[in-house]
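Got the viewer open and a selection box ready? Let's take a walk through this model, one stop at a time.

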Amino acid sequence: AEEMVTNRDSLNRGEKAWSVRREEALKRRAESARAAAVEEENKAIQTQSEAVKEHEGAVAQQQELAPKKKELEEAKAELAQRRAKLPDYEVLSTNSRKLAKAKCEQEKLRAAKEDVAGRITSVQTELDESAAELATLQGVEGEVEKARQEEESSKEQQRAFNRCEQKAHAIRGSEQDLVKEEGELVRLTDVAKEKMDVYSRQYSEFIAAQAGLMAGRLKETIQAQGFGICPVCGVRHTDAESATFAKLSESHCTEEMVKKAQEAQQAAEKARGAQQTYVETQKTQIAGEKENLQTLAQGVPACVGWNWENWSRAEDVAACKTALEVAVETAHVQLKTALGRRKRRDEVQTLVKDAEERREKLTSQQKQTELLLQNWALEATKCESKIDQLRAGLAFGTEQEAKADIAQREKQVAELERILHIERTRIAYRNGRFNNHNCIWIILHNKINNCFNSVCIKIVFLWVIVCRSGNHYKVCIAVCIFAIKSCLKI
């Protein structure tokens with residue numbers, strides 16, 4: 001432990017001695033640095049004095065560069081002005097493109113307007129033609145109704161004629177049957193006459209036989225009594241020889257035979273009477289049917305004034321029937337034509353409605369086109385006004401020409417700067433490697449750098465560095481990154 005304490009004390013003493021020696025060395029170094037700084041400051045003061053002298057000599061020389069500097073400044077100002085006008089060329093180009101687009105759109109819209117106007121004219125022509133056609137189709141409903149009535153009337157006449165024809169045919173059939181019935185009546189009349197003859201003959205024979213019998217009995221009574229009364233006439237006869245009496249008939253006709261003959265005659269007469277009544281009834285009925293036929297024929301104008309002879313002639317009936325068929329066909333054709341006209345009217349009305357809708361759409365499109373045309377015309381006017389305004393303040397018509405002029409002026413400015421730089425270098429030039437620090441009285445920054453350079457202080461990339469000598473950077477120490485305005489800040 002004592003050795004450790006002894007060693008620690010020794011170490012402490014050694015550290016203190018080393019600290020003392022280090023402090024002494026630092027003091028010696030600080031004194032040397034202060035001495036060197038004083039020496040350098042003296043040199044700087046001397047250098048500044050020399051610089052002031054050089055400045056006084058350079059001022060005179062600087063006056064010689066004033067016209068060239070003025071020329072350079074004027075060239076730069078003109079170049080800056082031309083550069084400042086470059087955006088105006090872009091605006092000019094933009095407005096020129098807008099103006100070209102506006103004119104192109106105007107041409108398209110004018111073409112579209114002309115096309116729409118032509119289509120409107122075409123639609124209007126269609127409307128006028130349709131209106132003219134509709135004017136000719138105004139009474140088509142009346143034509144249809146009239147044609148329908150005429151067709152119906154023709155068909156009704158044809159039906160009435162057919163009924164008349166059927167009735168005439170039935171009447172002719174009835175007449176044919178009547179002829180047969182009349183023949184039967186003649187036959188029955190002959191039969192009744194024959195039966196009447198038989199009955200009359202038998203009755204006469206029977207009466208004659210009875211008269212002969214009564215005459216014989218009367219004779220016998222007269223002969224027996226001397227007189228006799230006739231049972232037939234009631235005359236009293238006295239002499240049988242003087243009176244004329246009926247002779248005894250040789251006929252064997254009995255009363256029963258007479259009765260049968262009478263019954264047969266009555267039956268035949270009854271049959272004849274019934275047949276005659278039927279025939280008369282049929283004649284009356286046929287006459288009534290003919291009258292009805294004449295009445296029914298009044299509904300057929302072609303048959304007015306006809307009599308039964310016309311209905312009996314087949315050629316008259318056929319001619320009338322053909323005429324009625326032609327009338328029906330003509331009425332049907334007229335109705336079909338009227339219906340076609342009505343259909344055409346409906347189609348034309350539909351076409352007119354469609355044309356009016358198309359005209360309305362085209363008119364609306366035309367108005368929109370005119371509005372767009374006005375808008376584009378206004379846009380073109382604005383662009384032209386803007387272009388005229390810009391061209392009044394521009395020296396060239398296009399951006400390319402302006403850029404070419406700017407490039408030429410930049411070359412002129414660069415040439416002036418090069419000439420001025422040569423003149424400046426000729427006035428103040430020390431070391432060609434660091435002209436910014438060696439060329440004095442050019443700009444304020446270079447003036448300060450020249451002073452710094454004389455005392456081995458420089459500004460490189462915004463760093464303030466202290467160098468070994470004025471133009472060597474092998475050993476340098478960064479001091480700060482702030483701008484240096486004077487040597488007193490170091």
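The tour goes from salt bridges to a long helix and then to the nonpolar cores.

Before you click, some ground rules: this is a predicted model, in which local features need pLDDT of at least 70, side-chain atom pairs count only at pLDDT 80 or more, and totals for chains, interfaces and linings use all residues. Residues are numbered from 1 along each chain as its sequence is written, and side-chain values use heavy atoms, with hydrogens and water left out.

**Stop 1: helix H3 meets helix H7**

There are 29 salt bridges in the structure, each one a side-chain nitrogen of Lys or Arg within 4 Å of a carboxyl oxygen of Asp or Glu. Helices here are DSSP runs (H or I, at least four residues), numbered from the N terminus.

Select Glu126 and Arg358: they form a salt bridge, with the closest N and O atoms 2.8 Å apart. Glu126 sits in helix H3 (residues 86-136) and Arg358 in helix H7 (residues 314-392), so you're looking at a link between distant parts of the chain, 232 residues apart. Glu126 is partly exposed at 32% relative accessible area, and Arg358 is partly exposed too, at 31%. For burial, the cut-offs are under 20% relative accessible area for buried, over 50% for exposed, and partly exposed in between (1.4 Å probe, protein chains only).

Now add Glu133 and Arg344, whose side chains meet in another salt bridge at 2.7 Å, N to O. Glu133 belongs to H3 and Arg344 to H7, so this pair ties together parts 211 residues apart in sequence. Both count as partly exposed: Glu133 at 26%, Arg344 at 33%.

While you're on H3, pick Glu129. Is Glu129 buried or exposed? At 53% relative accessibility, Glu129 is exposed. Draw a distance from its C-alpha to that of Val348 and you should get 9.7 Å, though the two are 219 residues apart along the chain.

**Stop 2: a pair within helix H8**

Jump to Asp405 and Arg409, a salt bridge with its closest N and O atoms 3.0 Å apart. Both residues lie in helix H8 (residues 399-427), 4 residues apart, or about one turn of the helix. Asp405 is buried at 11%, whereas Arg409 is partly exposed at 22%. Next, highlight Glu141, Arg342, Arg345 and Asp346, which are joined into one network by salt bridges that share partners.

**Stop 3: helix H5**

Select residues 255-297, which make up H5: its 43 residues reach 61 Å from first C-alpha to last, close to the expected 63 Å. That expected span is 1.5 Å times one less than the number of residues. Colour its buried residues, including Val258, Gln265, Arg272, Ile286 and Leu293.

**Stop 4: the nonpolar cores**

A nonpolar core is a set of buried Ala, Val, Leu, Ile, Met, Phe, Trp, Tyr and Cys residues joined through side-chain atoms within 4.5 Å. The largest one has 19 residues, and Phe161, Leu293, Cys303 and Trp311 touch the most other members. Helix H4 (140-225), H5, helix H6 (308-312) and H7 each give two or more residues to this core, with the largest share, 7 residues, coming from H4.

Centre on Phe161. Beyond its neighbours within four places in sequence, Phe161 is in contact (heavy atoms within 4.5 Å) with Val300, Cys303, Trp311, Val317, Cys320, Lys321 and Leu324. Apart from this core lies another, of 10 residues, among them Tyr89, Leu390, Leu394 and Ala402.
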